[in-house]
Amino acid sequence: MVLLVLFSISTAIFAQAHATSIGPATVNAVLTGLNFPVSLKFAPDGRIFYNEKDTGNIRIIQPNGTLLPAPFATVNPVFNTGEAGLLGIALDPSFASNNYVYVYYTYRDSGSFTHGHIVRYTANGNTGTSPRDIFDVTSSAPNTVYHNGGYIKFGPDGKLYAMVGEFHQGQQAQNQTSMTGKMLRMNSDGSVPSDNPFPASLDYALGIRNSFGFDFDSSNNRLIATMAGPNSDDKILIIVKGGNYGWPTCTGICNDPRFIDPIVDINPIVTPTGIAAVAPNSYIFGEYNNGHLVQLQLNTTGSVLSMTDLYVASGGILAVELGPNNKLYFTTPDTIYTYNLPARPVQNAADPSLVILAIIVIIAAALLVVYTALHYQRKRLQTSQEIGTKNV
């Protein structure tokens with residue numbers, strides 16, 4: 001009887017661990033026919049600001065869902081070959097009062113060096129005014145096209161975080177005198193925060209090849225990011241202050257105490273892009289190569305419980321952001337979509353440690369039952385022998 005109860009408990013635990021009931025998903029196209037909407041953010045008044053990667057236009061979607069015909073601002077000149085262009089956008093935490101809009105873009109100088117640059121605009125209604133330079137970083141070699149990073153976002157600490165790729169110069173990711181191949185952390189005016197991990201440096205974490213997205217999980221102060229690999233080993237990273245993520249010394253799992261291994265190592269590559277925290281320990285990210293929208297469920301210590309495909313878009317996924325009204329927004333090269341939450345692909349997913357504990361309990365219970373049965377049989381045999389002896 002005890003064994004039956006234990007088996008019933010373990011079955012429930014395993015069922016939870018492998019559950020994939022996502023319920024009826026509702027995906028709606030907000031706007032179609034767009035020009036590479038690579039990044040977007042939400043204003044408190046209901047407007048959506050987004051970047052067009054190749055044109056340099058910052059656009060506004062009004063609260064009623066219509067796209068304003070005139071750009072908020074146009075960045076010029078913008079270098080837009082390959083992965084370069086108008087890449088990241090962030091709204092100041094005090095946007096409701098100061099109307100500050102920050103964008104990250106790339107440009108080329110006269111020596112053909114690629115720059116990653118952050119400029120701040122002040123929103124005067126639906127028009128960007130008073131551009132102010134906040135940050136600039138230069139590639140270590142001329143004529144670079146790829147690995148520009150560009151995603152920016154304010155953290156819960158009020159600091160501006162920025163991903164800067166290594167501009168296709170891998171060794172720079174391990175060079176602490178360079179800001180390329182790094183996650184950066186800065187004050188809103190571009191200055192160095194006094195509590196950054198490296199004195200007088202914007203560097204917050206290093207050893208990063210290139211990243212198209214990150215987000216903050218307010219339930220546990222976790223900073224989670226995607227990282228695109230070369231021909232193998234795309235990664236999902238938990239970024240910690242001063243952490244080194246190994247590139248280019250190692251490509252996949254480093255198994256080296258100098259480096260922090262990814263929580264997910266993806267093969268074959270899918271090019272993970274934007275990622276959003278949608279619930280405690282629950283994240284949704286996009287894949288550019290195949291258009292998959294994927295939910296990643298972790299436990300409280302950062303171990304993976306599950307990864308579940310939620311939806312397949314007709315084009316590669318770019319931005320992924322949690323918007324108002326519990327809707328997830330994601331973009332493809334020509335469309336902005338919403339996905340109704342909660343997705344809950346892993347409802348009440350079990351911690352792997354609980355599963356292991358259940359297995360141990362089941363084995364122990366089974367051994368106990370076997371031992372009891374053998375002991376009972378031995379006693380019966382002994383009793384039968386004693387009775388037979390007496391009868392003789």
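## Phenylalanine 79 and its surroundings

Phenylalanine 79 touches Ala84, Gly85, Thr106, Tyr107, Arg108, Thr114, Thr144 and Val145, leaving aside residues up to four places away in sequence, where contact means heavy atoms within 4.5 Å. This is a predicted model, in which local features need pLDDT of at least 70 and side-chain atom pairs count only at pLDDT 80 or more, while totals for chains, interfaces and linings use all residues. Residues are numbered from 1 along each chain as its sequence is written, and side-chain values use heavy atoms, with hydrogens and water left out.

Phenylalanine 79 belongs to the loop between β5 and β6 (86-91); strands (E, at least two residues) are DSSP runs, numbered from the N terminus. With a relative accessible area of 13%, phenylalanine 79 is buried, a word that stands for under 20% relative accessible area, whereas exposed means over 50% and partly exposed lies in between (1.4 Å probe, protein chains only). Between the C-alpha atoms of phenylalanine 79 and glycine 56, which are 23 residues apart along the chain, the separation is 8.9 Å.

## Aromatic pairs

A pair of aromatic rings is described by the distance of the centres and the angle of the planes. The structure holds twelve aromatic pairs, counted where rings of Phe, Tyr and Trp (its six-membered ring) have centres within 6.5 Å, with planes under 30 degrees apart called stacked, over 60 edge-to-face and the rest tilted. One of them is formed by phenylalanine 49 and phenylalanine 72, which meet edge-to-face at 5.3 Å centre to centre, with 85° between the planes. This pair links distant parts of the chain, since phenylalanine 49 is in strand β3 (residues 48-52) and phenylalanine 72 is in the loop between β4 (57-61) and β5 (73-74), 23 residues apart. Both phenylalanine 49 and phenylalanine 72 are buried.

Tyrosine 161 and tyrosine 204 also form an edge-to-face pair, with 5.5 Å from centre to centre and 85° between the planes. Because tyrosine 161 lies in strand β11 (residues 160-164) and tyrosine 204 in strand β13 (residues 203-206), the pair ties together parts that are 43 residues apart in sequence. Tyrosine 161 is buried at a relative accessible area of 4%, and tyrosine 204 is buried at 12%. Ring pairs join these two tyrosines with Tyr151, Phe214 and Phe216 in a cluster.

## Charges over rings

Which ring lies under the charged end of lysine 53? It is the ring of phenylalanine 36, whose centre is 5.6 Å from that charged end; a charge sits over a ring if NZ of Lys or CZ of Arg is within 6 Å of the ring centre and within 35 degrees of the ring normal. The charged end of arginine 209 sits over the ring of tryptophan 247, at 5.4 Å from its centre.

## The disulfide

A disulfide is a covalent bond between the sulfur atoms of two cysteines. The structure holds one disulfide, identified as a pair of cysteine sulfur atoms within 2.5 Å, and this disulfide joins cysteine 250 to cysteine 254 with an S to S distance of 1.7 Å. The torsion about the S-S bond of cysteine 250 and cysteine 254 is about 55°, and therefore the disulfide is right-handed. Cysteine 250 is buried, with a relative accessible area of 14%, and cysteine 254 counts as buried at 15% relative accessibility.

## An open sheet of four strands

Strands of a sheet pair through backbone hydrogen bonds, either parallel or antiparallel. An open sheet of four strands follows the order β14-β15-β16-β17 with antiparallel pairing, where two strands pair if DSSP finds at least two bridges between them. At the edges stand β14 (214-217) and β17 (264-266), each with a single partner strand, so one side of each is left without a neighbour in the sheet.

The strand β14 is joined by four bridges to strand β15 (residues 222-227), and the two run antiparallel; the bridge partner of phenylalanine 216 in β15 is leucine 223.

## Strand β23 and its partners

Strand β23 (residues 327-332) is mostly covered, with five of its six residues buried. Strand β22 (residues 320-322) pairs with β23 in the antiparallel sense over three bridges, and leucine 322 stands opposite leucine 328 in β23. The hairpin of β22 and β23 has four residues between the strands, and in this hairpin asparagine 325 takes a positive phi near 60°.

Six bridges join β23 to strand β24 (residues 335-340), and these strands run antiparallel. The bridge partner of threonine 331 in β24 is isoleucine 336, and a hairpin joins β23 to β24 through two residues.
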